[in-house]
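Subject: Structure handover and notes

Dear colleague,

I am passing on the structure we talked about, together with some notes on what came out of it. Please have it open while you read.

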Amino acid sequence: MSTARGRTPSTARRAALGVLAGACGLFALLQLGVATLLPQIQHAFGVSGTDAAWIVSGHLLVGCVATPVVGRLGDLYGRRVVLFWVLAVVAVSATVAAVAQSFTVLLVARLVQGIAAGLFPLAIGLLREGFPGQSLAGPSGVLSAAFGTGGGVGILLVGVFGDGAAAFQGLFVTAGVLAIVLLVVGALVLPETPRRTGTRVDVPGLLLLSAVSAFLLLALTHYGREGPGSALGAVLLAAGAAGCVALVHVERRSPQPAIDTRLLGRRPIWTLNAVSLLTGLVMFQTGILAPGLADAPRSTGYGLSADGATLVVVMLPMQVAAVTGGLLSGWLRQYDRMSPRAVMITSTVLFAASPVVFAFLPGTVAGLALGTALTGLATGLLGGAMAELLTLASPSGSTAVTVGINSVLRNLGGSFGVQVSFMVLAVTTTAPGYPAAASYTTVFVGAAVLAGAGIAAALAFPRTAGRPEAEVPATSGRVTGPIRPTT
């Protein structure tokens, strides 16, 4: 691969890594940063909690569909070019969100921003294809740490701009400026990547995936508004279940499926996907519910009546710990201190501990800060290990496919986690407009149980890890050779 003129390969790689880390940080800013500021958005536009939740869950839903589309376009036109187009779309949509005067306009801008979900798979693909033969252990940790940095910027903006509408407006302005800077610098330092002819976008599969996800999320919204007896909620839930069956049928017959069901059936792949799905749920629950707990009045028995400074104290540990975890993950792998499997298992245990802290230490700044810090550390550790494990477990030529699917499932877990949480809280919301304390406990205990299932999935990942036997790129998402590990 060509490098920027006048740069040595190692210098070019560091410069490219900086841009790709910035792109991952931008992705986190638009996900976790906005999630943290959800109470401010809710108050500024006067909408309910279940409606405000679509600012996050709708964004994630679009991200689920955008990830495989962006991946396919990266195969067809080259990941470098597609990365630039994604950054351009993010810059425009962030500008629209910053000046939005209605909740509808803000929501549409947020849905468009869902395309940013493709930045992480593009970054991994660029590192692997742009600098072949180089280890991903250290760079994966850097990319993981960038997620914490991006979310941390969102938290700090609360302290800079205050705790009103200016906070999320400042966040979107920051995101737009960062996207433009990355676009300009990336044009100078990012290497060209190969293009694969014959690649196509699986339109039927993507339409079914988006429909299924939308049906299920809308069902949860109606259950939250109307209670467990919602007839429309039941119809939407049944439609989502039927759509799942149709999705599997269509994807098995597609020559280039968006979601390769045969690949998902392999033990190394399904265990990693299960971990991402379940931990994504906990991660986004923490990012949204912790600010809600802090924002609630003390009369609820669990709230802190937090101002902007208190919210920074509660949420910033999550981002600092995420950066620390990402760098630690890279260091542990680069110097073989721990296997990537062991790092993954450790992170899932931390994910399970976080909701337990929230459930049994509510109503204190220290308790919320500890819970967010555990989630952040787990997120950082898992990000670095997951990128390496997906690379090791992928069949020849299918790394981009497996990383994309894994990102889709993490976003789905987060999206459903957000919507289920607000559904449970909405059912028990009292006259003043705040949920009962017991409902928060129910949500966090449920999250701890699901995170425990994530631990089981991590333990089920095979102990031995090898690389694919062949290095011939595959032109479709199909498995072209055996996967190792297979034990």
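The notes below go through the core, the pocket, one helix and two single residues.

Please bear in mind throughout that this is a predicted model.

I begin with the interior, where the largest nonpolar core comprises 137 residues, and where Leu26, Leu119, Phe120, Leu143, Phe172 and Met344 are those with the most contacts inside it. The greatest contribution to this core comes from helix α1, which spans residues 9-36 and supplies 15 residues. As a background remark, nonpolar side chains tend to be buried together in soluble globular proteins. To take one of the core residues in detail, Leu119 is in contact with Ala23, Leu26, Phe27, Leu83, Val86 and Leu87, when residues up to four places away in sequence are left out of the count.

The largest pocket may be of more direct interest to you. Its space amounts to about 520 Å³, and of the 23 residues that line it, Leu209, Leu247, Leu277, Leu409 and Leu412 are the closest to its centre. Two or more lining residues are given by each of α10 (203-226), α11 (231-253), α12 (261-264), α13 (267-295) and α17 (399-427), with α17 giving the most, namely 6 residues. In terms of residue type, the lining divides into 18 nonpolar residues, 4 polar ones and 1 charged one.

Helix α17 also holds Val420, which counts as partly exposed because its relative accessibility is 32%, between the 20% and 50% cut-offs. Although Val420 and Ala219 are 201 residues apart in sequence, their C-alpha atoms are 9.9 Å apart in space.

A contrasting residue is Arg80, which is located in helix α5 (residues 79-99). With a relative accessibility of 13%, Arg80 falls under the 20% cut-off and therefore counts as buried. Setting aside residues up to four places away in sequence, Arg80 touches Leu126, Gly186, Ala187, Leu190, Pro191, Glu192 and Thr193.

Finally, I looked at the geometry of helix α18, whose 24 residues (437-460) should span 34 Å at 1.5 Å a residue, and whose end C-alpha atoms are 35 Å apart, so the two values agree. The buried residues of α18 include Ser439, Tyr440, Val443, Phe444, Ala447 and Ala448, and further along the helix Ala451, Gly454, Ile455, Ala457 and Ala458 are buried as well.

With best regards

Note on methods: Residues numbered from 1 in each chain as written. Predicted model: local features only at pLDDT ≥ 70, side-chain atom pairs only at ≥ 80, totals over all residues. Heavy atoms only, no water. Helix = DSSP H or I, 4+ residues; strand = E, 2+ residues; numbered from the N terminus. Expected span 1.5 Å × (residues − 1). Buried < 20%, exposed > 50% of the residue type's maximum accessible area, 1.4 Å probe, protein only. Core = buried A, V, L, I, M, F, W, Y, C linked by side-chain atoms within 4.5 Å. Contact = heavy atoms within 4.5 Å. 1 Å grid on protein atoms, 1.4 Å probe; cavity = no way out; pocket = protein on both sides within 12 Å on 5 of 7 lines; lining within 4 Å. Points joined across faces, edges and corners; volume = space filled by probe spheres on them. Nonpolar A, V, L, I, M, F, W, Y, C, P; charged D, E, K, R; others polar.
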